[in-house]
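User: I'd like to learn how to read features off a model, one at a time. Can you walk me through this one?
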Amino acid sequence: MSTKILGIETSCDETGVAVFDEQEGIIAQALYSQIDIHAEYGGVVPELASRDHIRKTALLTEQVMSEAGLTKQDIDGVAFTQGPGLIGALLVGSTFGRSLAYSWGCKAIGVHHMEGHLLAPMLEQNKPEFPFIALLVSGGHTQLVDVKDLGDYEILGESIDDAAGEAFDKTAKIMGLGYPGGPMLARLAEQGVAGRYKFPRPMTDRPGLDFSFSGLKTFAANTLRDCDGSEQALADIAYAFQEAVVDTLMIKCRRALKQTGRKQLVVAGGVSANVSLRNGLNDLMSKVNGKAFYPRPEFCTDNGAMIAYAGFCRYKLGQFESLAIKAKPRWPMSELR
């Protein structure tokens with residue numbers, strides 16, 4: 001009989017639920033975004049996020065189970081994001097998921113949020129094989145990971161301050177583009193002209209694979225203060241900022257590929273949907289006779305499908321949770337095995 005895993009994602013400001021079937025893949029999913037709730041504040045308010053997860057998680061689970069045509073007897077395991085993320089939001093998903101598994105008489109599976117992102121491209125027909133390099137780029141994380149096998153991860157480099165997505169959002173806020181700002185800045189950059197402004201490529205003039213993006217935000221603020229304030233100037237600043245982030249990520253990816261000898265690159269997380277980044281990394285991989293892999297756009301941001309699939313992988317390894325309800329707001333990937 002085909003294994004079926006229910007996945008629940010509540011790490012930040014999106015409530016995602018999905019069912020993964022061993023033979024058919026994702027057979028039903030639902031996602032609710034809290035953008036409208038947090039837009040008024042210009043960023044995620046943790047308490048409001050937790051409260052909204054409480055309102056939505058059970059409803060979305062009922063919806064997904066109905067759409068999949070399944071009952072509780074059909075589910076072999078309930079996977080939920082156990083960390084990292086906002087502690088309150090994680091506790092909602094962990095409490096609901098663990099309790100659901102207990103009441104349904106199936107396995108409970110705690111999933112690492114970033115492992116979910118890392119494995120999201122495995123849901124596509126064209127998927128990578130172990131080993132590969134993973135670039136995880138989101139609002140909360142920027143990491144380069146040497147993925148040797150499932151659970152065998154070596155962090156090669158990560159951001160020492162702002163994540164790439166966080167830098168996009170903060171710079172967009174400085175420019176008055178609203179919330180969430182990253183996609184708005186990327187759209188504005190499409191109207192920009194190359195060469196008018198030159199931004200630095202932080203930490204690329206020294207060895208290593210760590211990142212730093214907070215300085216780009218400051219550079220953008222100073223550039224904005226000195227410009228004429230026209231729409232074209234804003235577009236040109238957005239273009240230069242995005243170009244700097246993309247170039248920096250490409251330089252570090254090139255180093256990681258050379259250092260490890262890998263020929264496959266997985267790019268996942270919210271920023272992986274950025275068209276400029278995808279074009280740049282596709283060019284990079286073609287030059288080194290390698291290949292880049294991405295999740296479909298709907299699986300780039302937080303979602304239940306990636307948690308369901310990661311939960312399925314852990315289920316096959318026999319890795320389950322005890323009766324204790326746990327949440328890990330800080331959880332290094334190096335602790336996974």
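User: Let's begin with helix 10 (residues 304-316): what should its 13 residues span at 1.5 Å a residue, and how far apart are its end C-alpha atoms?

Analyst: Quick ground rules: this is a predicted model, where local features need pLDDT of at least 70 and side-chain atom pairs count only at pLDDT 80 or more, while totals for chains, interfaces and linings use all residues. Residues are numbered from 1 along each chain as its sequence is written, and side-chain values use heavy atoms, with hydrogens and water left out. Helices are DSSP runs (H or I, at least four residues), as are strands (E, at least two), both numbered from the N terminus. The expected span is 1.5 Å times one less than the number of residues. For helix 10 that gives 18 Å, and the end C-alpha atoms are 18 Å apart, so the two agree.

User: Is helix 10 largely enclosed or not, and how many of its residues are buried?

Analyst: Buried means under 20% relative accessible area, exposed over 50%, and partly exposed in between (1.4 Å probe, protein chains only). In helix 10, 11 of the 13 residues are buried, so the rest of the structure largely encloses it. Among them are M306, Y309, F312 and R314.

User: What happens at the ends of helix 10?

Analyst: At the N-terminal end, N303 is the cap, with a side-chain oxygen 3.1 Å from the backbone nitrogen of A305. Just after the helix, G318 has a positive phi of about 75°.

User: R314 is in that buried set. Which glutamate side chain makes a polar contact with R314?

Analyst: A polar contact is a pair of N or O atoms within 3.5 Å; within protein, one must be able to donate a hydrogen and the other to accept it, and residues adjacent in sequence count only if both atoms are side-chain atoms. Here the partner is E115, at 2.7 Å from R314, side chain to side chain. E115 sits in helix 4 (residues 113-119) and is buried at 1% relative accessibility. Its side chain also makes a polar contact with that of Y153, at 2.5 Å.

User: Now helix packing. How do helix 6 and helix 8 cross?

Analyst: Two packed helices are described by the angle between their axes and the distance between the axes. Axes are lines fitted to C-alpha atoms, for helices over the stretch in contact, and angles run from 0 to 180 degrees between N-to-C directions. Under 35 degrees counts as roughly parallel, over 145 as roughly antiparallel, 65 to 115 as roughly perpendicular and the rest as oblique. Helix 6 (residues 181-189) and helix 8 (residues 231-260) come within 7 Å and cross at roughly 110°, so they are roughly perpendicular. The contact (heavy atoms within 4.5 Å) includes L185 and A186 of helix 6 and Y239 and Q242 of helix 8.

User: And what is the angle between helix 5 and helix 8?

Analyst: About 170°, with the axes of helix 5 (residues 164-174) and helix 8 lying 11 Å apart, so helix 5 is roughly antiparallel to helix 8. A164, A167, F168 and T171 meet F241, Q242 and V245 there.

User: Which loop residue has a side chain in polar contact with Q242?

Analyst: N274, at 2.9 Å. N274 is buried, with 10% relative accessible area, and also touches F168, A186 and V246.

User: Last one: where is there a cis peptide bond?

Analyst: Most residues other than glycine have a negative phi, and most peptide bonds are trans. One cis bond joins F130 and P131, with omega about 0°, and another joins G83 and P84, at about -15°. As for phi, M203 is positive at about 65° although it is not a glycine.

Definitions and conventions
Lists of a residue's contacts leave out its neighbours within four places in sequence.
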